[in-house]
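Grab a pencil and work through these exercises with the model open in front of you. Try each task before you read its solution.

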Amino acid sequence: MELGFTQEQEMFRESVRRFMAKECTREYIRACSDNDRFPSELYAKMAAQGWMGIPFPEAYGGAGLGPIELAIFLEEAGYGWYGAGSSYFTTVVLGGYNILLYGTEAQKREFIPKIVSGEVKTAFALSEPNVGSDAASVELFAAEEGDHFVLNGQKMFTTCAHVADHIVTVTRTIRQPERKHHGITIFLVDARSPGIEIRPLKQLGRTATHTNEVFYRDVRVPRERMMGTLHEGWTGLNQGLGVERMSVAMMYAGTAQAIVDYAVRYAKDRRQFGQPISKFQAVQHKLADMQMKADIARLLGYRVAWMLSAGLPCFKEMSMAKLYASEALFDIANNGVQVMGGYGVLEEYDMELFFRDSRIGMIGAGASEIQRTIIAKQMGL
Ligand SMILES: Cc1cc2nc3c(=O)[nH]c(=O)nc-3n(C[C@H](O)[C@H](O)[C@H](O)COP(=O)(O)OP(=O)(O)OC[C@H]3O[C@@H](n4cnc5c(N)ncnc54)[C@H](O)[C@@H]3O)c2cc1C
């Protein structure tokens with residue numbers, strides 16, 4: 001495994017880090033987070049840098065870069081603010097990358113350039129009120145009617161649906177298939193179609209890119225908006241999992257490092273018993289563990305990025321990366337609060353927000369229990 005980065009990659013990292021430090025100010029983060037407000041200005045500026053194009057071929061207006069550059073970007077975005085990474089991830093990875101993998105040629109030509117320019121945002125709707133971890137049991141039904149499909153049902157937890165122009169919607173197209181993984185079809189649904197209703201959900205953290213309920217009532221979707229093969233949508237979904245899990249793992253690794261750095265600064269500054277609390281071995285050990293976990297998260301994420309670039313199968317490794325990074329992130333935030341004592345839970349400090357934003361990682365994009373089951377299966381258990 002290649003552990004170093006090229007000079008170009010280092011320069012790229014540096015420029016993303018500088019950008020995030022400038023744009024993700026405490027005031028901006030709070031203004032978005034406290035008001036459930038999508039960071040539109042930040043999003044537009046990231047697009048202006050050309051970063052939405054990282055994983056896309058130049059033929060579709062992309063930058064033609066690979067998984068390692070995507071991993072670097074998301075690590076640095078996560079370091080700056082989860083909201084930078086999350087707003088990017090929802091459109092570029094969950095939307096654009098899925099279109100690239102199994103959209104039609106016409107869809108790629110129409111949508112990817114608009115995603116790259118920042119003109120089009122997407123959301124990804126798989127989960128439903130009765131369909132969470134058991135994702136293949138999707139119920140929202142798409143009935144074929146001539147050159148259209150008519151969608152009826154409800155989606156749940158659709159991140160950023162309220163700002164999306166199009167919603168990648170996973171539907172059932174055979175009511176009672178022999179296997180639940182069959183009879184699933186994916187559509188790129190115009191979010192402003194008649195019959196779509198989007199209701200924001202109030203949640204614990206990550207409020208700037210919050211989730212939504214999406215209701216579909218007789219929503220007519222033209223056949224040319226079908227992504228991939230009729231009834232075989234599950235196969236398409238699986239193709240995108242490597243990049244998806246690597247991306248969230250790298251975002252979490254970046255945020256984990258931001259929390260460690262914040263806690264270290266605080267511990268060096270805060271004095272008790274006549275000296276900085278960073279001089280107490282109990283605090284040092286906590287910080288050492290936090291740093292080690294952030295490093296492991298990062299390494300597991302880059303291992304997947306490297307395996308993806310080398311075209312190697314990494315089903316087990318991608319679940320490990322996502323699982324470890326999400327649990328490490330929450331553990332680091334939890335210990336970060338402890339290092340800060342009472343100040344760790346005050347809104348006046350960043351740790352309180354880090355703590356709330358980090359809890360959700362162990363649930364979204366496949367809960368920890370499901371990731372462990374996947375790893376165990378890959379171990380032949
Ligand atoms: C912030 C956030 C953003 C999200 N964004 C999106 C999005 O953009 N698009 C989208 O489609 N979905 C999204 N989701 C939904 C997310 O994918 C689901 O929440 C997740 O898959 C778990 O489903 P559930 O919440 O229904 O929990 P359930 O599936 O009901 O699980 C509840 C508990 O039971 C456990 N459990 C379930 N089955 C098993 C099993 N077989 N073995 C062991 N334990 C099990 C789970 O691990 C969990 O601990 C988001 C969720 C959150 C919280």
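Domain bounds here come from an automatic or database domain assignment. Keep in mind as you go that this is a predicted model.

**Exercise 1. Find the domains, then work out how domain 1 touches domain 3.**

Solution.
Step 1: Mark the bounds. The assignment gives domain 1 (7-120), domain 2 (124-234) and domain 3 (240-378).
Step 2: Take the centres of domain 1 and domain 3 over C-alpha atoms; they are separated by 21 Å.
Step 3: Look at who takes part in the contact: 21 residues from domain 1 and 24 residues from domain 3.
Step 4: Go through the helices on the domain 1 side. α2 (26-34), α4 and α5 each give at least two residues to it, and α4 has the largest share, with 10 residues.
Step 5: Sort that side by class. You should get 13 nonpolar, five polar and three charged residues.

**Exercise 2. Decide how α4 and α9 are oriented towards each other.**

Solution.
Step 1: Find the helices: α4 covers residues 67-80 and α9 covers residues 281-309.
Step 2: Read off the geometry. Their axes are 8 Å apart, and the packing angle is about 155°.
Step 3: Apply the cut-off: angles over 145 degrees count as roughly antiparallel. So α4 and α9 are roughly antiparallel to each other.
Step 4: List the partners. From α4 come Pro67, Ile68, Ala71 and Glu75, and they meet Arg298, Gly301, Tyr302, Ala305, Trp306, Leu308 and Ser309 of α9. By class, this contact has seven nonpolar, two polar and two charged residues.

**Exercise 3. Do the job again for α4 and α5.**

Solution.
Step 1: α5 takes in residues 82-102, and its axis comes within 5 Å of the α4 axis, crossing at roughly 135°.
Step 2: That angle makes α4 oblique to α5.
Step 3: Now the contact. Leu74, Ala77, Gly78 and Gly80 of α4 meet Tyr82, Ala84, Gly85, Tyr88 and Phe89 of α5. The classes come out as six nonpolar, three polar and no charged residues.

**Exercise 4. Sort leucine 353, histidine 231 and alanine 365 into buried, partly exposed or exposed.**

Solution.
Step 1: Get the cut-offs straight: 20 or more other C-beta atoms within 10 Å means buried, 12 or fewer means exposed, and in between is partly exposed.
Step 2: Leucine 353 sits in helix α11 (residues 350-359). It has 21 C-beta neighbours inside 10 Å, so it counts as buried. Its C-alpha atom is 9.8 Å from that of aspartate 34, although the two are 319 residues apart along the chain.
Step 3: Histidine 231 is in the loop between β8 (226-227) and α7 (233-239). With 16 other C-beta atoms within 10 Å, histidine 231 is partly exposed.
Step 4: Alanine 365 belongs to the loop between α11 and α12 (368-378). Its 20 C-beta neighbours inside 10 Å make alanine 365 buried.
Step 5: Check the backbone too. Most residues other than glycine have a negative phi. Histidine 231, though, has a positive phi near 75°, and alanine 365 has a positive one near 55°.

**Exercise 5. Judge whether the whole protein is as compact as a globular protein of its length.**

Solution.
Step 1: Count the secondary structure: 12 helices and 10 strands.
Step 2: Compare radii. The radius of gyration is 21 Å, close to the 21 Å from the globule rule for 381 residues, so the protein is as compact as a globular protein of that length.
Step 3: Add the burial: 49% of the 381 residues are buried.

How values were computed. Residues numbered from 1 in each chain as written. Predicted model: local features only at pLDDT ≥ 70, side-chain atom pairs only at ≥ 80, totals over all residues. Axes fitted to C-alpha atoms, helices over the stretch in contact; angles between N-to-C directions. Helix = DSSP H or I, 4+ residues; strand = E, 2+ residues; numbered from the N terminus. Parallel < 35°, antiparallel > 145°, perpendicular 65-115°, else oblique. Contact = placed C-beta atoms within 7 Å. Nonpolar A, V, L, I, M, F, W, Y, C, P; charged D, E, K, R; others polar. Rg over C-alpha atoms; globule rule 2.2 N^0.38 Å.
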